[in-house]
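Welcome! Here are a few short exercises, each followed by a worked solution. Have a look at the structure before you start.

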Amino acid sequence: MTEPLRSTPTLDDLPRRFADFATLGDALDYAASGTRGLNFHDARGTLVRPYPFAELRSDALDAAYRLIAAGIQPEDRIALVAETGAEFAALFFGAIYAGAWPVPLPLPTSFGGRDSYVEQLRVQLSSCDPKMLIYPNELAEMAAEAARLAGTEGIDWSEFATRDAVPVDLPAADGQAIAYLQYSSGSTRFPHGVAITHHALLNNLAAHSHGMEVTDTDRCISWLPWYHDMGLVGCFLSPVANQVSTDYLKTEDFARRPLAWLDLISRNEGTSLSYSPTFGYDICARRISSQTNPSERFDLSRWRVAGNGADMIRPDVMQSFVDAFAEAGFKASAFLPSYGLAEATLAVSLMPPGEGIRVELVEETQLSGGDSANGQPRPQRFRAIVNCGKPVRDMVIEVREEDGTPLPDGAIGKVWCKGPSVMVGYFRDSAATDACMSDGWLDTGDMGYMSDGYIYIVGRAKDMIIVNGRNHWPQDIEWAVEQLPGFKAGDIAAFAITTPGGEETPAVLVQCRSSDDAERQRLREEIRERVRSVTGMNCVIELIPPRTLPRTSSGKLSRAKARNLYLNGDIKPYATAA
């Protein structure tokens with residue numbers, strides 16, 4: 001009788017080191033001397049492959065030998081479709097050992113179909129100029145086509161694994177050298193490959209492991225995609241460099257069965273570290289609503305760090321999660337808000353563990369940077385802004401005016417950061433690098449304010465809607481519409497357009513599930529009144545079919561792409577009643 005598979009252990013006699021290595025290869029060498037590792041599960045949360053770090057190292061060395069035999073030189077780029085599994089893990093570290101730069105590329109999303117995915121890969125391949133693209137067999141047709149269009153060699157990784165792995169001398173590793181290129185989740189038309197050195201990566205991994213106060217009983221559980229910085233850096237590279245056993249669900253399996261994520265957390269006998277954007281918590285809270293007693297299925301009492309990042313943190317959604325799972329032992333104090341971006345490797349700030357979610361109510365005119373529209377008095381409104389924590393170790397944050405003047409506590413401006421984990425720059429794009437970096441400081445592109453050493457993020461500067469010199473934040477409009485019956489998070493996108501009369505105005509696209517013309521007309525008027533109450537203006541309101549709004553590869557709403565699709569006529573609103 002075959003013995004059941006066993007996960008790699010949570011506990012290990014190997015003394016823990018908090019990413020204090022010269023290179024990422026050194027980190028794996030050390031982790032491989034212990035017994036911890038990665039564990040891959042199917043859609044129902046059943047373990048299908050334990051993958052000790054020692055086995056990962058052996059496979060990675062073989063991959064390095066195969067890459068070198070194929071003519072790969074140091075600093076060559078190796079594009080890898082980032083499927084969550086042992087194959088990608090070994091190839092990523094194989095490229096590291098070979099001195100090449102792995103470039104994780106996304107899996108297909110539900111929006112856009114085959115042609116959209118092929119084009120996204122082609123554009124990113126053209127940007128990073130790799131020697132080869134290696135992909136899983138199930139994506140062979142699309143990935144091979146993208147490689148052909150980009151003039152890159154395409155290789156099925158199952159075929160690559162059959163090649164001889166003859167040991168050769170590996171190139172000397174340098175901690176100041178670039179380790180990998182990271183594309184942001186929204187990288188499509190004008191992608192920027194973020195160049196991260198070994199030193200920058202390991203500095204950031206040490207900073208957030210210290211910030212989360214990682215302990216020997218901690219185990220990571222993740223469904224986040226490995227082509228996004230939070231999944232790649234926070235939930236793949238960090239467990240290696242900090243020697244943490246990790247349990248994985250594939251992202252698409254989480255999308256189909258989100259509660260399997262909580263099942264994995266419940267089965268962990270140690271303490272759990274697990275991250276998600278707001279929408280992941282939202283999906284779980286909605287799925288459990290029909291079950292009367294979550295405590296019969298889940299035990300979330302040992303979930304020590306419930307991280308939240310990658311998009312705007314919604315306090316109302318997080319409260320709904322607490323309400324849904326308090327009976328299963330979930331504690332609101334486990335929430336750990338954070339702020340980061342690929343250009344800073346990952347973490348810029350973290351909430352100290354145990355402090356949970358803290359908010360400040362900020363008056364709407366402070367957020368908009370002006371008085372009431374047209375001088376007309378309007379009801380005083382507040383938005384709850386989530387505290388995203390303190391700068392991680394070695395990171396400095398400043399909030400500045402447009403001209404670069406530092407602002408005092410409480411004043412909203414551009415968020416800048418500086419530290420050893422900030423990127424070298426964008427690959428082969430000095431103009432884009434110069435546009436966001438100055439004297440080692442990085443313009444994050446976000447707006448926020450500091451208060452008593454904590455950073456509060458208000459929104460993306462480029463998403464701001466400016467009409468008649470007055471600022472409007474799209475999420476304020478979107479969240480207001482979400483409060484109406486029948487709508488939920490992700491149903492609404494707000495952005496600025498120019499009307500046929502030449503005026504700037506907000507447009508609001510709303511996914512509508514009703515097929516009744518009269519009901520749609522009623523909804524339009526209800527939405528129009530709700531948006532007017534927030535903006536003081538009449539806006540363009542368009543009802544569109546469900547599942548129409550585009551998302552980034554990490555699942556976030558892409559307002560920029562929604563705007564382009566709408567203006568190009570690719571998003572087709574329902575007709576208005578005559």
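Two residues are in contact, or touch, when heavy atoms of theirs lie within 4.5 Å. Keep in mind that this is a predicted model.

**Exercise 1.** Find out how compact the protein is for its length.

*Solution.* Begin with the secondary structure, which comes to 17 helices and 28 strands. Next, compare two values: the radius of gyration is 24 Å, and the globule rule gives 25 Å for 578 residues. These are close, so the protein is as compact as a globular protein of that length. Finally, buried residues make up 57% of the 578 residues.

**Exercise 2.** Decide whether Arg219 is buried or exposed, and describe its surroundings.

*Solution.* First locate Arg219: strand S9 (residues 218–222) contains it. Then check its relative accessibility, which is 5%. Buried means under 20%, so Arg219 counts as buried. Now list its neighbours, leaving out residues up to four places away in sequence: Arg219 touches, among others, Ser7, Thr8, Asn39, Val244, Asp247 and Leu273. With one of these, Asp247, the side chain of Arg219 makes a polar contact, side chain to side chain, at 2.6 Å.

**Exercise 3.** Work out which elements the buried residues of helix H11 pack against.

*Solution.* Start with the buried residues of H11 (residues 278–288), including Gly280, Tyr281, Cys284 and Ile288. Then follow their contacts to helices H9 (251–256), H10 (259–267) and H12 (315–325). To finish, add the strands S11 (271–276), S12 (303–308) and S13 (335–340).

Methods. Residues numbered from 1 in each chain as written. Predicted model: local features only at pLDDT ≥ 70, side-chain atom pairs only at ≥ 80, totals over all residues. Heavy atoms only, no water. Helix = DSSP H or I, 4+ residues; strand = E, 2+ residues; numbered from the N terminus. Rg over C-alpha atoms; globule rule 2.2 N^0.38 Å. Buried < 20%, exposed > 50% of the residue type's maximum accessible area, 1.4 Å probe, protein only. Polar contact = N/O pair within 3.5 Å; in protein donor to acceptor, adjacent residues only side chain to side chain.
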